[in-house]
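These are my notebook entries on a structure that I looked through element by element. I set down what I looked up and what I found.

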Amino acid sequence: MKRNREEIYCSFCGRGSDEVTVIPGVDGNICVDCVKHANAMVSRHESQANDAPPLPPTPPPRKIKEFLDQFVIGHEETKKVLSVAVHNHYRRLEASAKAAVGDSSAADGFADVEIEKSNILLIGPTGTGKTLLAKTLAKIIGVPFAIGDATVLTQAGYVGEDVENLVRYLLQNADGNVELAKRGIIYVDEIDKLASKTDNVSITRDVGGEGVQQTLLKLIEGTVCRVPPKGGRKHPDQEYIEVDTTNILFICGGAFVGLDKIVAERKGRNVIGFGAGDGDGDSAAPAAGNEINPQDVRPEDLVKFGLIPEFTGRLPVITSLRDLSEDDLVRILTEPKNSLVKQYQKLLAMDGVTLEFEPAALKNLAKMALARKTGARGLRAEMERLMTDVMYEAPGNSRMKKVVVTPKMIKERLG
């Protein structure tokens with residue numbers, strides 16, 4: 001068909017202005033029908049990306065703790081505190097969702113009462129299970145989870161990672177679903193490394209300590225965070241995804257080495273370690289390691305340690321984990337749902353080999369891991385060393401039917 005040169009044509013469907021209204025452009029044109037079709041596609045995509053399934057009923061604290069017991073050994077009081085805090089947080093989200101649709105039947109008389117968010121601070125030595133606790137909590141609630149390391153965070157504009165990257169990790173783990181990410185959990189490890197260790201004023205900018213605390217507290221309290229969809233540094237021409245962090249639960253963890261001395265000093269104790277006596281002169285049996293009773297830690301202790309007052313105020317729920325004992329490490333080897341012993345038993349069972357550990361062998365492994373002073377992480381290293389030869393020989397070996405690990409075997413292979 002011969003077309004009039006004065007007509008303009010849609011660059012998408014090819015129809016001319018004699019058939020449909022065409023909007024001219026610099027390098028191309030588009031008709032109104034194609035605009036409507038494109039708009040419908042974008043709306044459908046945004047709807048799919050931002051619709052999150054409704055939150056399932058929040059388990060009661062007792063059920064949450066029972067689930068934690070399957071994966072984390074010990075720390076009974078800490079698991080109880082976490083169970084209550086997480087339960088209250090997601091009941092808060094349930095109340096907000098009901099209020100949004102005008103349903104206040106479950107809380108008649110409290111329609112004007114707003115439940116504030118209670119973020120969590122976990123204090124405990126390395127390898128005691130802080131990260132595992134946070135990850136397991138996200139699993140039972142069924143929300144996305146992200147981990148960030150405070151030591152690599154810097155203020156915007158400096159070499160390092162922007163604080164907003166924590167939200168980007170969460171968004172990635174939510175498969176780009178903004179609504180799902182907005183009710184997830186972010187765990188910030190090594191938070192104690194942001195503490196200022198001196199009262200002296202530095203002539204240089206503090207890009208990784210107090211400055212990061214200032215930026216992080218806004219994120220923790222609740223703000224609309226502009227996240228670069230592809231990561232990297234922000235620049236003016238880049239498109240952003242906006243994520244409101246108001247309902248994201250933040251759990252911060254750190255070893256806080258020396259905090260026990262600060263608390264003891266405030267309480268008037270003259271000895272190192274908790275449980276060694278209180279301020280009125282009464283004495284008690286010394287506590288193992290640097291255990292901190294969460295009821296003893298106050299915001300002013302954290303401020304003296306080096307956290308800014310505003311930041312400590314955003315972490316009202318404080319709990320601590322004690323050092324793991326030899327008996328704890330033995331239980332960790334065998335009892336959890338994903339224990340190391342069960343993992344190796346499953347691997348060998350695939351090749352028709354049965355794996356058993358004598359109780360004394362487990363104790364020896366725990367002693368070696370304890371000597372590493374890295375908590376439960378030391379168990380993985382010792383087990384890998386022990387099982388390397390077995391895992392090398394077992395696959396494809398029809399003569400190997402059963403492996404029994406004895407103390408003698410551990411002594412010969414691990415020294």
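**Entry 1. Ala366.** I looked up Ala366 and found it buried, with a relative accessible area of 0%. The model is a predicted one, and I read every entry below with that in mind. Ala366 belongs to helix H13. Leaving aside neighbours within four places in sequence, I listed its contacts as Glu326, Leu329, Val330 and Leu379. I also took the distance to Ala376, which lies ten residues from Ala366 along the chain: the two C-alpha atoms are separated by 8.9 Å.

**Entry 2. H13 against H14.** Next I asked at what angle helix H13 and helix H14 pack. H13 covers residues 359-372 and H14 covers residues 377-393; the angle is about 125°, and the axes are 8 Å apart. H13 is therefore oblique to H14. I noted the crossing of the two as right-handed.

I then listed the residues that meet. H13 contributes Leu365, Ala366, Met368, Ala369 and Arg372, while H14 contributes Gly378, Leu379, Ala381, Glu382, Met383, Arg385 and Leu386. Sorted by class, the residues of this contact are eight nonpolar, one polar and three charged. Ala366 from the previous entry is thus listed here on the H13 side, and its contact Leu379 is listed on the H14 side.

**Entry 3. H14 against H15.** I followed H14 to helix H15, which spans residues 407-414. Their axes come within 10 Å and cross at roughly 95°. The two helices are therefore roughly perpendicular to each other. On the H14 side I recorded Glu382, Arg385, Leu386, Asp389 and Val390, and on the H15 side Met409, Ile410, Arg413 and Leu414. The contact of H14 with H15 has five nonpolar, no polar and four charged residues. Glu382, Arg385 and Leu386 of H14 are listed in the contact with H13 and also in the contact with H15.

**Entry 4. Val390.** Is Val390, in this second contact, buried or exposed? Its relative accessibility is 6%, so Val390 counts as buried. Val390 is found in helix H14. Apart from neighbours within four places in sequence, Val390 touches Leu348, Pro395, Val403, Met409 and Arg413. Of these, Met409 and Arg413 are listed on the H15 side of the helix contact. For Val403, I noted a sequence separation of 13 residues from Val390 and a C-alpha to C-alpha distance of 8.2 Å.

**Entry 5. The sheet.** I turned to the strands and asked in what order the five strands of the open sheet run. The order is S4-S5-S8-S3-S9, and the pairing is parallel. Strand S4 (145-149) and strand S9 (317-320) stand at the edges with a single partner strand each, so one side of each has no neighbour in the sheet. On average, neighbouring strands are turned by 20° against each other, direction ignored.

At one edge, S4 pairs with strand S5 (residues 185-189) in the parallel sense over five bridges. I noted Asp189 in S5 as the bridge partner of Asp149. Helix H5 (residues 165-173) packs on the sheet and touches S4 and S5; its direction makes about 150° with that of S4.

At the other edge, four bridges join S9 to strand S3 (residues 120-123), and the two run parallel. Ile120 stands opposite Val317 in S9. I then checked the faces of S9 and found both covered: Val317 and Thr319 on one side, and Ile318 and Ser320 on the other, are all buried.

**Entry 6. H2 against H4.** I looked up one further helix pair. Helix H2 (residues 61-69) and helix H4 (residues 130-141) pack at about 125°, with axes 10 Å apart. H2 is therefore oblique to H4, and the crossing is right-handed. Lys63, Ile64, Phe67 and Leu68 of H2 make the contact with Leu133, Thr136, Leu137, Lys139, Ile140 and Ile141 of H4. By class I recorded seven nonpolar, one polar and two charged residues.

**Entry 7. The protein overall.** Finally I noted the totals. The secondary structure comes to 15 helices and eleven strands. Of the 415 residues, 40% count as buried. Among contacts with a separation of 6 or more, 68% are between residues 24 or more positions apart.

Key. Residues are numbered from 1 along each chain as its sequence is written. This is a predicted model: local features need pLDDT of at least 70, side-chain atom pairs count only at pLDDT 80 or more; totals for chains, interfaces and linings use all residues. Side-chain values use heavy atoms; hydrogens and water are left out. Axes are lines fitted to C-alpha atoms, for helices over the stretch in contact, and angles run from 0 to 180 degrees between N-to-C directions. Angles under 35 degrees count as roughly parallel, over 145 as roughly antiparallel, 65 to 115 as roughly perpendicular and the rest as oblique. A crossing is left-handed if the near helix is turned anticlockwise from the far one by less than a right angle, and right-handed if clockwise. Contact means heavy atoms within 4.5 Å. Ala, Val, Leu, Ile, Met, Phe, Trp, Tyr, Cys and Pro count as nonpolar, Asp, Glu, Lys and Arg as charged, and the others, Gly among them, as polar. Two strands pair if DSSP finds at least two bridges between them. Buried means under 20% relative accessible area, exposed over 50%, partly exposed in between (1.4 Å probe, protein chains only).
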